[in-house]
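This report introduces a protein structure to a reader who has not met it before. It turns from the overall fold to one helix pairing.

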Amino acid sequence: MTAVWVKNLLNLQALDLEIRNLKLRLTMIPKEAEKLQQEIAAIEGKVKAAKEKKASHELQLKQTEAEIAEINDKIGKLQTQSALVKKNTEYQAMLGTIAMLKKSISELESKQIELMDILADDDKAIYAAVTAVKPETAPLRSELKELAELVNDIKARGRELLAKRPELRSMTDSEILPRYEQILKKNDSIPLVPVETDKCGNCHLRLTPQTLNQARSGAITFCDNCMHIIYMPDEQE
């Protein structure tokens, strides 16, 4: 039959381990929330990127239009000057220059048409990105809300457990409490562990016959190796 001190300590330990797990869960939530926020920002960023891409193409279109206007202005001046030229060689040279400028305009106009088509595609891309924002971010925002609610639930449960702890602690054998709380401070350790056949449930090393007999008697017992508190489960007694 399990000793009273073991039952009381197991009750306190169950409460303390739940508190530890709640604290651990709380430390993980900010990272989870940050990841969700980054995913939301990435989705919303697609809209910004699409708009910036369009703005870049609009600038290219304006620059192309400005180049065409500038070349047309040069052609106009050359045509005016050609009317005043008397030498045929100079006149022919001007005509050649005008022809080259007109060819440049033709190439720029082709680029202008291409940019207009690209801008049409940009508008479609912006529309697609904007349309996708709400359905893609809604579940992520829902998860963020759930995480915020979970934080409140964890804190409420933590307060509830902490309120119960003094009572359970007072029921625990005072002889074992200091060692128990010392081990408990190690976040990955469980202070009170069962004997597993003839081994410690914490370090899994073999226990001496004397220690095993002490555990079977129901007395407060420590592992010979790791000094964790050990007890003999009912089925092994």
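## Fold and helix packing

Along the sequence, the protein follows the pattern α-α-α-β-β-α-β-β. It has 4 helices and 4 strands. The model is predicted.

The overall dimensions are as follows. The radius of gyration of the protein is 40 Å, whereas a compact globule of 237 residues would have one near 18 Å. Along its principal axes, the C-alpha trace spans about 130 × 35 × 30 Å. Of the 237 residues, 33% count as buried. Among contacts between residues at least 6 apart in sequence, 70% join residues at least 24 apart.

One helix pairing can be described in detail. Helix H1 covers residues 4–82 and helix H3 covers residues 177–184. Their axes come within 12 Å and cross at roughly 25 degrees. Because angles under 35 degrees count as roughly parallel, H1 is roughly parallel to H3. The crossing of these two helices is right-handed.

The residues that make the contact are listed below by helix.

| Helix | Residues in the contact |
|---|---|
| H1 | Leu9, Leu12, Gln13, Asp16 and Arg20 |
| H3 | Leu177, Tyr180 and Leu184 |

By character, the residues of this contact divide into 5 nonpolar, 1 polar and 2 charged. With Tyr counted as nonpolar, Tyr180 of H3 belongs to the nonpolar group. Asp and Arg count as charged, and the contact includes Asp16 and Arg20 of H1.

Key. Residues numbered from 1 in each chain as written. Predicted model: local features only at pLDDT ≥ 70, side-chain atom pairs only at ≥ 80, totals over all residues. Heavy atoms only, no water. Axes fitted to C-alpha atoms, helices over the stretch in contact; angles between N-to-C directions. Parallel < 35°, antiparallel > 145°, perpendicular 65-115°, else oblique. Left-handed = near helix turned anticlockwise from the far one by under 90°. Contact = heavy atoms within 4.5 Å. Rg over C-alpha atoms; globule rule 2.2 N^0.38 Å. Buried < 20%, exposed > 50% of the residue type's maximum accessible area, 1.4 Å probe, protein only.
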